[in-house]
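Biologist: Could you take me through how to read a strand, its neighbours and a few backbone details in a model such as this one?

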Amino acid sequence: QVQLVESGGGLVQAGASLRLSCAASGRTFSAYRMGWFRQAPGKEREFVAAIHWSASSINYADSVRGRFTVSRSSAGNTVYLQMNSLKPEDTAVYYCATGTSPTNWTYWGQGTQVTVSS
């Protein structure tokens, strides 16, 4: 089992920045990759960014590329999402997830709310 706890969400104005953190505990050695997803009201959950456990591979959704940066701690048990130039359409609950293979997202955090006002 892997436990994930997100933090860092909040209410900001458009153009501001936020950094989300996701602390992983438990069987973190089994993690192949860690990622961020978000879900806005009335919409399906969507992929935001992912990073391989070795940081050798990083992927972003087109909607956030160039504004968001995903990274991880040197110990590998915390993943960050630096969000710059935030837009109202970035408003959502942001979830951290980890997968044990390239094809699954096995464990999920409880989510943290990000609200961007115009």
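Modeller: Let us begin with strand E9, bearing in mind that this is a predicted model. Seven of the eight residues of E9 are buried, so this strand is largely enclosed by the rest of the structure.

Biologist: Which strands pair with E9, and in what sense?

Modeller: Strand E4, residues 33-39, pairs with E9 in the antiparallel sense over seven bridges, and within that pairing Trp36 stands opposite Cys96 in E9. Strand E11, residues 112-117, also runs antiparallel to E9 and is joined to E9 by three bridges, with Ala92 standing opposite Val114 in E11. Strand E10, residues 107-108, pairs with E9 in the antiparallel sense over two bridges, and there the bridge partner of Ala97 is Trp108.

Biologist: How many disulfides does the structure hold, and how should I read such a link?

Modeller: In general terms, a disulfide is a covalent bond between the sulfur atoms of two cysteines. The structure holds one disulfide, which joins Cys22 to Cys96 with an S to S distance of 2.1 Å. The link of Cys22 and Cys96 is left-handed, with -80 degrees about the S-S bond. Because Cys22 lies in strand E3 (residues 18-26) and Cys96 in strand E9 (residues 92-99), the pair ties together parts that are 74 residues apart in sequence.

Biologist: Is Cys22 buried or exposed, and is Cys96 buried or exposed?

Modeller: The cut-off to keep in mind is that buried means under 20% relative accessible area. Cys22 has a relative accessibility of 0% and therefore counts as buried, and Cys96, with a relative accessible area of 0%, is buried as well.

Biologist: Turning to the backbone, which residue in the loop between strand E5 and strand E6 should I look at?

Modeller: As a general rule, most residues other than glycine have a negative phi. Ala55 is not a glycine, yet has a positive phi of about 65 degrees. Ala55 is found in the loop between strand E5 (46-52) and strand E6 (58-60), and is partly exposed, with a relative accessible area of 36%.

Biologist: And what should I note about the phi of Ser85, and where is Ser85 placed?

Modeller: Ser85 has a positive phi of about 50 degrees, although this residue is not a glycine either. Ser85 has its place in the loop between strand E8 (78-83) and E9, which brings us back to the strand we began with. At 40% relative accessibility, Ser85 counts as partly exposed.

Terms used:
Residues numbered from 1 in each chain as written. Predicted model: local features only at pLDDT ≥ 70, side-chain atom pairs only at ≥ 80, totals over all residues. Heavy atoms only, no water. Disulfide = S-S within 2.5 Å. Helix = DSSP H or I, 4+ residues; strand = E, 2+ residues; numbered from the N terminus. Buried < 20%, exposed > 50% of the residue type's maximum accessible area, 1.4 Å probe, protein only. Pairing = 2+ DSSP bridges.
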